[in-house]
Amino acid sequence: MAFKVTPWEVEGDIDYEKLIKKFGLDLIEDNILKKIKDITGDNHFMLQRKIFFAHRDLDFILKEYKKGNKFYLYTGRGPSENLHLGHLMPLKFTKYIQEKFGVKCYIQLTDDEKFLFKDKLSLEDTKKMAYENALDIIALGFNKKNTKIIIDTEYAKTLYNHAIKVAKKITFSTAKAVFGFKNSSNIGQIFYTSMQAVPAFLESEKKGKNIPCLIPHGVDQDPHFRVSRDVLPKLGYMKPASIQCKLMPGLLEGGKMSASVPKSAIFTTDSPKQVQDKIQNAFSGGKETLKEHREKGGNPDIDIPFQYLKFFFEPDNKRLKKIEEDYREGKILTGELKQITVEKINNFLEKHRKEREKAKKKLDNFLLKD
Ligand code: TYM
């Protein structure tokens, strides 16, 4: 089946093997996992399960780290809506890497991007949402000493002064080829990738020397950084490295969890009842009748609630395996699997809501402003 992956549109069921070839990514092989484990003592479950599955230059980052040359982290979010569960994946993983390696991190909130790409949103809307999203990010427990959040329009002077240097090295024909712009695309969209490139060398700029940068993100954002990797060496900076995750599937059959398709997503602001209802209606790998399910078992590979456990909500490998086997053998029913998932998500969100409240007082410690 055909699929499409761009930073602004993901359609169909992604064939990750084909995507790796198309984007020119490297697979995260076991030897890289071993190198990470040698440094940190373990591997995050998202690495073990190959949910973070691809990279660019991760081996270089690890080699430099071992020599004592620390990297910094950079990730981000386009604030069009509240965060959904999929957005939490790269953020949570970034926090884990930050802790394990003891490194600095920039998180960019692109209110400019979402204003330029979403017809219905005003700049006030996206800026307001950037502040809302910042609360969710802080609620994940990032360390305030080592983490800086950038809202593009609030740090515009600094960003713009660097972005124009990037923009000068990108032709319209490159932007068209990479992102598929048309003559009818607004010119802000065409410029935008240069804003997303800046945090990939901001730390080098601040420190006055080249510092390696590692960008954890969902695979849909890769086109931006392919362009950055082309341009930054022309400006005297290193190519940024990346580590990329698969996309959490949406609630319905096929496609990713997407904020622009609200029915596909569970948002961090959803109530326990909303989570219950959404999971209740999620696409399931269970059989039509109870009798058939008991006899033939369910299919966790296509079961959306099971996938949520695998992607995020059941970090314990043994417990996940038991649920998977029991479901395959028909020992666990669809309704039971859904209930397990609802409880896991709601437990997470209950704690998250409390941390999000506390984050309101911490916001100023995190924001970079001109
Ligand atoms: P945005 O807001 O579309 O997505 C934010 C981050 O979440 C990832 N993501 C997902 N991950 C797993 N499952 C999903 N269903 C899912 N949907 C989205 C995205 O890949 C991304 O990592 N232009 C960017 C904002 C940005 C950025 C960055 C992202 C600016 N600088 C640096 C990553 C790294 C955007 O609109 O992301």
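Aromatic pairs, then: the structure holds 18 of them. Keep in mind that this is a predicted model.

Take one pair, Phe117 with Tyr192. The arrangement is edge-to-face, with 6.3 Å centre to centre and 80° between the planes. Which elements do the two rings come from? Phe117 belongs to helix H6 and Tyr192 to helix H10, 75 residues apart, so the pair links distant parts of the chain.

Are these two residues buried or exposed? Phe117 has a relative accessible area of 18%, and because the cut-off for buried is under 20%, Phe117 counts as buried. Tyr192 is buried as well, at 1% relative accessibility.

Next, Phe179 and Phe181. Their ring centres are 5.6 Å apart and their planes meet at 35°. Why is this pair called tilted? Planes under 30 degrees apart would count as stacked and over 60 as edge-to-face, so 35° falls among the rest, the tilted ones. Phe179 and Phe181 are both buried.

These residues belong together: ring pairs join Trp8, Phe117, Phe179, Phe181 and Tyr192 into a cluster.

Two rings also have a charge over them. At Phe23, the charged end of Arg226 sits over the ring, 4.5 Å from its centre. At Tyr16, Lys246 lies over the face, 5.4 Å from the ring centre.

Now the ligand. There are 27 residues around it, and those that come nearest are Arg77, Gly78, Glu113, Asp220 and Met248. By class, the shell divides into nine nonpolar, 12 polar and six charged residues.

I have three contacts to nitrogen atoms of the ligand to go through. Met248, already listed among the nearest residues, has a polar backbone atom 2.7 Å from a ligand nitrogen. Gln196 uses its side chain: a polar atom there lies 2.8 Å from a nitrogen of the ligand. For Gly86 the partner is a backbone N or O atom, 3.3 Å from a ligand nitrogen.

How much of the ligand does the protein bury? Taken alone, the ligand exposes 680 Å², and 98% of that is buried by the protein.

Which elements give two or more residues to the shell? On the strand side they are E5, residues 72–77, and E8, residues 213–218. The helices are H5 at 85–101, H6 at 111–117 and H10 at 187–197.

That brings us back to the rings. Helices H6 and H10 are on the shell list, and they also carry Phe117 and Tyr192 respectively. I'll stop there.

Conventions:
Residues numbered from 1 in each chain as written. Predicted model: local features only at pLDDT ≥ 70, side-chain atom pairs only at ≥ 80, totals over all residues. Heavy atoms only, no water. Near = heavy atom within 4 Å. Polar contact = N/O pair within 3.5 Å; in protein donor to acceptor, adjacent residues only side chain to side chain. Areas by Shrake-Rupley, 256 points an atom, 1.4 Å probe, with all protein chains shown as cover. Helix = DSSP H or I, 4+ residues; strand = E, 2+ residues; numbered from the N terminus. Nonpolar A, V, L, I, M, F, W, Y, C, P; charged D, E, K, R; others polar. Phe/Tyr/Trp six-rings, centres within 6.5 Å; stacked < 30°, edge-to-face > 60°. Buried < 20%, exposed > 50% of the residue type's maximum accessible area, 1.4 Å probe, protein only. Lys NZ or Arg CZ within 6 Å of the ring centre and 35° of its normal.
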